[in-house]
Structures are given as C-alpha cells and as structure tokens.
Amino acid sequence: MKIAFFSTKSYDKTSFGNFVEGSGHEITFFELALSEITAPLAGGFDAVCVFVNDKLDEKTIGIIAEQGVKVIALRCAGFNNVDLEAAKKHELKVVRVPAYSPEAVAEHALALMMTLNRKTHKAFNRIRENNFSIENLTGFNLHGKTVGVIGTGLIGSAFIRIMRGFGCSILASDVRESEELKSLGVTYVPVSELLSKSDVISLHCPLLPDTHHLINAASLDQMKDGVMLINTSRGGLVNTGDAIDALKTGKLGYLGIDVYEQEAGIFFKDSSETILQDDVIARLMTFPNVLITGHQGFLTHEALEQIAKITLQNLSDFERGVELKNKIF
Ligand code: NAD
C-alpha cells in the first residue's frame, strides 16, 4: 500500500524504516501534521498514518476520502483526535496500536514523580554551577504513601505494579474493575474517595466526553493539601486554569505533565527562537513545582519498534481483507 505518513520525526523514519522493507508497503514521510490544509497531500495514497496531534476532523476526513484514502492508521493508542462519525460516514476504516509498551508510559509517569519529589533536575543544574547546597531539595518517601490511579487499563496496571514495588498503598478508580489487580491488593473506590485520600494521583484513563476536565476546581478542592498530580494520559483530562489556581494556593503541591490541553502546535517542535504565544503554558512553566515533558511517555526503543511493527501489520491486514483486530470500528 502507498502510505502518506504525517507529523514525521527522525525516530519515526528510523523505526518504520527498519521494518517497511519486505512489508509490501511504500511510505512517503511528510513532516507536516495532517489537517484540512495539508489533506490534499494524501492524494494518490491508500492510507494515512497519523499521530496524536494530527487533526482528523470532519473536513480533513472528507478531503482524504475524496482523494481515495481508504484507511486511517493511528500509530498511537488514543484516538480522541479522530472524528469517528465522519470516518464512518466516508467508509474509512480506522486502526490503531492499542498496546505497544504500557511500561514505557508507566515508567515515564514514575520519572515525573521521582524528579518532582527528589528534585534531581534542580540538583543537576546546581552541581553544574559548583553549587553543592542541598537546601530546599527535601523530598518525601514514597514508601507507605497512598497512590490513586484513575484508569487501570494497560498503562494504569503497569504503573500500579511499579508503585506496589515502592511499598505504596493503591486506590484505584475505573469504570471496569480488574480482579487481577484486586488480588494484588488494589482497592477500587469511587473517584471522590480516591481524590480525598491519595498523596499522589496519576491519570491513566482515556480522554472521552465524560473524562474531559475530570480534574477541575471542584475535584482539586477534594484533594489533600500539597497533593502530587501526574498526567501522562491526555491534556484535556485537566482544566489547566483550575490547576494553576490550585498551584498558586498550594493545594496542588506538585504537578507533572507529559500532555497539555493545548499541546497541538506547541509540542513536538523546537520553537526556541520564537516567542511563546500560549500564556497558560507560559504560566505553568514559572512554577518551581511543575515539571512538563513534551509527550514523550511513549518514546522508548521498545515502544517505537512495537508501534512500527503493529502499524504495518494493521495495514497489511487491511490490504489482505483479513479481520482487523486493531480496528476502532
Ligand atoms: P486502556 O484502554 O488499556 O486503559 C484505559 C482505562 O481507562 C480502561 O481500563 C478504561 O476502563 C478506563 N476508563 C475509561 N473511562 C474511565 C473513566 N471515566 N474513569 C476511570 N477510568 C476510565 O488504555 P492505556 O493503554 O492504559 O492508555 C491510557 C491512556 O494513556 C490513553 O488513552 C492515552 O490517552 C494515554 N497514552 C499516553 C501516552 C504518552 O506518550 N504520554 C502514550 C500512550 C497512551
């Protein structure tokens, strides 16, 4: 199949380049993100391969369908950026990579937690300036703390296993409870109880209409003073303005995010020579107790390899007309 690959980065070229030979597919890499403006580039291709911030709204989908594209291959798990109704209307199949390396994202959530807690990023900078003072680097023991996990699917479960190893008690909340996690000692509670009892809260549920702004002024109010909030899931789960207010009062003691509500247009590019126009993320960047990474939770060698293999397999299955086990519909 001829595949138009959007939002290409160097690591995509490497990982897909390693597996495309012999797959029967031909990839054309575009650095541009897919949107209604760039959609005409998909002319003459059978498939588009897209990532988290490509914008597959009704207009974009209409244009690519008109150009003859038959399948949208997401090289990620989340699909909140695709108008599924429009895809259905235009008879486009949508496939994704539901699981590639849950541990990659879970371990990144841990990295955010540990950096914020033990302030290793500050120590790194101090020591490079010959400043060996440890003033204001005090952290807390994770051992014995209560960690609340919202969403106990693949990534949430991997994260819980890590936290169990640290000697934490786990409170969980999910629309589906896992018997396996319960047998490991995880206690499922209503979200309000999780919010009020956890020292650290980590979000691992998808962005859906009912999880949009799950973390807002009211839910922040229920949390313990000085709580740590980690979001490696999707930016839209957190009302960023409300989180900023909670940081200013000290209610939120630490915030670690790998995702941001308005990340499209900011993340995944070097804008170091331009003026940042987003005043919300600019404010977040001023807090000493906020750590932001640019959606790199998935970025491990193991995960990239799996993403490339599964995406190419999804497209081969589509081409052969066999059952699409990773289709969204
Ligand atoms: P998953 O489908 O295995 O698990 C999601 C869990 O959330 C499921 O158990 C589901 O029942 C639960 N859930 C659904 N609605 C809920 C609600 N209202 N309240 C609580 N729980 C709810 O998905 P996953 O592979 O664990 O991925 C989780 C999320 O992580 C994805 O949706 C994606 O947004 C994000 N993600 C981020 C990165 C990154 O690089 N930062 C990479 C991959 C995935």
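A polar contact, as I will use the term today, is a pair of N or O atoms within 3.5 Å, and please keep in mind throughout that what we are looking at is a predicted model.

With that cut-off in hand, let us turn to the ligand, where an oxygen atom of the ligand lies 3.1 Å from a polar backbone atom of Phe298, while another pair joins a nitrogen atom of the ligand to a backbone N or O atom of Thr232 at 2.9 Å. Asp174 takes part through its side chain, with a polar atom 2.6 Å from an oxygen atom of the ligand. How much of the ligand does the protein bury? Taken alone, the ligand exposes 860 Å², and the protein buries 87% of that.

The space that the ligand takes is the largest pocket, and of the 26 residues around the ligand, those that come nearest are Tyr100, Leu154, Ile155, Asp174 and Thr232. By character, this shell divides into eleven nonpolar, ten polar and five charged residues.

Let me finish with the aromatic rings, which form nine pairs. One of them, Phe30 with Phe45, is edge-to-face, with 6.1 Å from centre to centre and 80 degrees between the planes. Both residues lie in the loop between β2 (26-29) and β3 (47-50), so the pair ties together parts that are 15 residues apart in sequence.

Note on methods: Residues are numbered from 1 along each chain as its sequence is written. This is a predicted model: local features need pLDDT of at least 70, side-chain atom pairs count only at pLDDT 80 or more; totals for chains, interfaces and linings use all residues. Side-chain values use heavy atoms; hydrogens and water are left out. A residue is near a molecule or strand if one of its heavy atoms lies within 4 Å of it. A polar contact is a pair of N or O atoms within 3.5 Å; within protein, one must be able to donate a hydrogen and the other to accept it, and residues adjacent in sequence count only if both atoms are side-chain atoms. Accessible areas come from the Shrake-Rupley method with a 1.4 Å probe; for residues, only the protein chains shown count as cover. On a 1 Å grid over the protein atoms alone, a cavity is a set of points where a 1.4 Å probe fits but cannot get out, and a pocket is an open set with protein on both sides within 12 Å along at least five of seven lines; lining residues have an atom within 4 Å of a point. A molecule sits in a cavity or pocket if more than half of its atoms lie within 2 Å of its grid points. Ala, Val, Leu, Ile, Met, Phe, Trp, Tyr, Cys and Pro count as nonpolar, Asp, Glu, Lys and Arg as charged, and the others, Gly among them, as polar. Rings of Phe, Tyr and Trp (its six-membered ring) pair if their centres lie within 6.5 Å; planes under 30 degrees apart count as stacked, over 60 as edge-to-face and the rest as tilted. Helices (H or I, at least four residues) and strands (E, at least two) are DSSP runs, numbered from the N terminus.
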